[in-house]
Amino acid sequence: MGGMMGPGVPQLMNTDFMNVFSKINTREPISFSDFILYPPSPNAPPPTTRDRPLGCKTIFVGGLPENFKESQLQELFAKCGEIQNVRLSTKRFAHIRFMSEMSVDIALYFSGYRVRIEDKTDAPNTGRLHIDFAQARDDQYEYECQQRALDRERRHMQRMQEEQFRVPSPLPVVHYSDHEAGILGDKLKNEETFQEALDVICTWLERGECNKRNANQFYTLLQSTNSHVRHLVSEKSNLDEEIQRAKDMYAVKIAALGTQYKTVEKVFLAASQKKAWDHFSKAQRKSIESWKKAAAKSNLDEEIQRAKDMYAVKIAALGTQYKTVEKVFLAASQKKAWDHFSKAQRKSIESWKKAAADIKILMPDEDNMDTESEDEDAAIKPKKIKGENKQALKDENDSLRCQLEAYKNEVEILKLDMQTDLEAKDKQLKVTQKTLENVQMNLMDAKREHTEAAMKTMALNKELVVLFGSPDFTNKDDESEDSKVAIPEVEVEEITLPTPPPPSSVPELDAKLIGLISIFLHIHPFGASVEYIWSYVSKFVPSCKSSDLEAMMSRYPSLFTQDLIGIGANIERRWKYLSLD
């Protein structure tokens, strides 16, 4: 039993509880204010309990005496811990809810004890306690709330740990604009912001923000990147020269030290000979031996190692920039951006890509950076530098040649466009000339028909004069009624039809207007309104009015006719040129 209450004893450690617990261990009766608990028989089987519910803080207490009161229950189980509430039933059982789960474990020790109220043995004052776990909804709800709180705390701690070891997210890259491209071009020229600018270009290309409109701007950025690649090559050459100078200085100092070392070694050798060695003490001999060993070492090893480390750091930085440049050219070679560059621009980008790839060949491996290959490096590196300069000049020449070809292609394209425009204009001019010729032919035909009609009219007038003997019978007011009756009505009606005057009597202004209107109506074979015709004619005859045009066209019915087109409110009067019919 002592093992069951080990964890909770420190929290409930008080004098009353320790007294009760000591009596439980020694199997002695436990006295309270007005009742006594007697321990069960030693041979009695241990009390049985149900499975403990999760978060159980409530116990079931059965076998109570009939006269047992709630105050006595509280006095009994207050020894186990703080009680939250007590529910006593008239059927000799009760439910007790504690403030902690540990109190339930302690209360189970009283299971099997016999109760006697005021030490009486009658049935209403005696009973055998049976204590078990109770299923309570309040306990289950509190347990679930506690578990949810623990889960939240655990998730919070887990997130805190993940955030501590999480790599910080990169800053968001702005979208492409002409303003941002100008700022980026300035950053590419600065060595400190070059790496950041390369990342932005690579992001723009991978997003697919390169199109036909801004392809030239992206080409300019790539050209600036290629210029920095040449700067990287020259910086690599400078670093190689520095490391070579450090190696040469190291060799000179080592040679000087070697000479001095031989002299020092000769001195220590002379001191180690028997003539002088026997005269030194043991401690002096030990010191001389240590000095002899120290003379064999040189401090220049540390200096050359520091120079090598610095060289390795700078080479690593150049390698990082090279990888970013290679990534930019790779992104520019993808289909999203590649289709928007011209043929000449693609060729230039390919040459820049090759020049950037040459840096990778020149980058040394860190594992092979040792001093054993000093002589070979001294002979090979100048050749490499000369080869690099030649290759750089060759690439620059190819780039300029490609740019020249691109300009030639652009000029040829502009020439073709201009030639196409000129051909189209020539075709339009020819069509207009043909139209004017047709209009002139129609006008001449109309004049000829007009002349023939005038001749016929004159012939008819002459015949009428011959028949009736008076050329002005239709206009005389003082004629006799007999002569007027003698004229056939049918003939008179035919004679009085409106006919245009002979060509010789057409005014110059009317002839000009007839020519302009006939040209306009030839282009509009379905007719046009007076206002529409006047808008055209007024450009040539500004003093003309629309009413004058209408009156003039009414005077020449053999040339112009008026039709009504439309229905109801949409009716419209249009004039047509009769020669088109």
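Visitor: Where does Lys212 lie?

Guide: Lys212 lies in the loop between α6 (194-207) and α7. Keep in mind that this is a predicted model.

Visitor: Is Lys212 buried or exposed?

Guide: Lys212 counts as exposed, because its relative accessibility is 60% and the cut-off for exposed is over 50%.

Visitor: Which residues does Lys212 touch?

Guide: Leaving out residues up to four places away in sequence, Lys212 touches Asp339 and His340.

Visitor: And how is Lys212 placed relative to Phe341?

Guide: The two are 129 residues apart along the chain, and their C-alpha atoms are separated by 7.4 Å.

Visitor: What about the helix after that loop? Where does Asn226 lie?

Guide: Asn226 lies in helix α7, which covers residues 215-271.

Visitor: Buried or exposed?

Guide: Asn226 is buried: its relative accessible area is 5%, and buried means under 20%.

Visitor: Which residues does Asn226 touch?

Guide: Setting aside residues up to four places away in sequence, Asn226 touches Phe329, Trp352 and Ala355.

Visitor: Let's step back. How many helices and strands are there in the protein?

Guide: The secondary structure comes to 18 helices and 10 strands.

Visitor: How much of the protein is buried?

Guide: Of the 581 residues, 31% are buried. As for the outside, the protein exposes about 38500 Å², and carbon and sulfur atoms supply 54% of that area.

Visitor: What share of the contacts joins residues at least 24 apart?

Guide: The share is 69%, taken among contacts between residues at least 6 apart in sequence.

Visitor: Now the inside. How many residues are in the largest nonpolar core?

Guide: The largest nonpolar core has 31 residues. Leu37, Ile59, Phe77 and Phe110 have the most contacts inside it.

Visitor: Which elements give two or more residues to this core?

Guide: The helices on that list are α1 (15-25), α2 (70-77) and α3 (102-107). The strands are β2 (35-38), β3 (58-62), β5 (93-98), β6 (114-117) and β8 (130-133).

Visitor: Take Phe77. What does Phe77 touch?

Guide: Not counting residues up to four places away in sequence, Phe77 touches Ile59, Val61, Ile83, Ile96, Phe98, Ala107, Phe110 and Ile131.

Visitor: What lies apart from that core?

Guide: Another core, of 29 residues, lies apart from it. Among its residues are Tyr176, Val200, Leu205 and Tyr219.

Visitor: Back to α2. Is Gln72 buried or exposed?

Guide: Gln72, which lies in helix α2, counts as buried at 4% relative accessibility.

Visitor: What is Gln72 in contact with?

Guide: Apart from its neighbours within four places in sequence, Gln72 is in contact with Asp34, Phe35, Asn67 and Ile117.

Visitor: Where does Pro39 lie?

Guide: Pro39 lies in the loop between β2 and β3. Pro39 counts as buried, at 13% relative accessibility.

Visitor: What does Pro39 touch?

Guide: Beyond residues up to four places away in sequence, Pro39 touches Arg27, Glu28, Pro29, Tyr113 and Arg114. Pro39 and Tyr113 are 74 residues apart in sequence, yet 4.9 Å apart in space, C-alpha to C-alpha.

Visitor: New topic, backbone angles. What is phi of Glu118 near?

Guide: Phi of Glu118 is near 55°, a positive value in a residue other than glycine. Most residues other than glycine have a negative phi.

Visitor: And what is phi of Asp119 near?

Guide: Phi of Asp119 is near 60°, which is also positive.

Visitor: Where does Glu118 lie, and where does Asp119 lie?

Guide: Glu118 lies in the loop between β6 and β7 (126-128). Asp119 lies in the loop between β6 and β7 too.

Visitor: Are they buried or exposed?

Guide: Glu118 is exposed, with a relative accessible area of 53%, while Asp119 is partly exposed, at 42%.

Visitor: Last topic, holes. How many cavities of 30 Å³ or more are there?

Guide: The count comes to two. The second largest has a volume of about 40 Å³.

Visitor: Which residues line the second largest cavity?

Guide: The lining is made of Gly55, Lys57, Glu101, Asp139, Glu142, Tyr143 and Gln146. By class, that is one nonpolar, two polar and four charged residues.

Notes:
Residues numbered from 1 in each chain as written. Predicted model: local features only at pLDDT ≥ 70, side-chain atom pairs only at ≥ 80, totals over all residues. Heavy atoms only, no water. Core = buried A, V, L, I, M, F, W, Y, C linked by side-chain atoms within 4.5 Å. Buried < 20%, exposed > 50% of the residue type's maximum accessible area, 1.4 Å probe, protein only. Helix = DSSP H or I, 4+ residues; strand = E, 2+ residues; numbered from the N terminus. Contact = heavy atoms within 4.5 Å. 1 Å grid on protein atoms, 1.4 Å probe; cavity = no way out; pocket = protein on both sides within 12 Å on 5 of 7 lines; lining within 4 Å. Points joined across faces, edges and corners; volume = space filled by probe spheres on them. Nonpolar A, V, L, I, M, F, W, Y, C, P; charged D, E, K, R; others polar. Areas by Shrake-Rupley, 256 points an atom, 1.4 Å probe, with all protein chains shown as cover.
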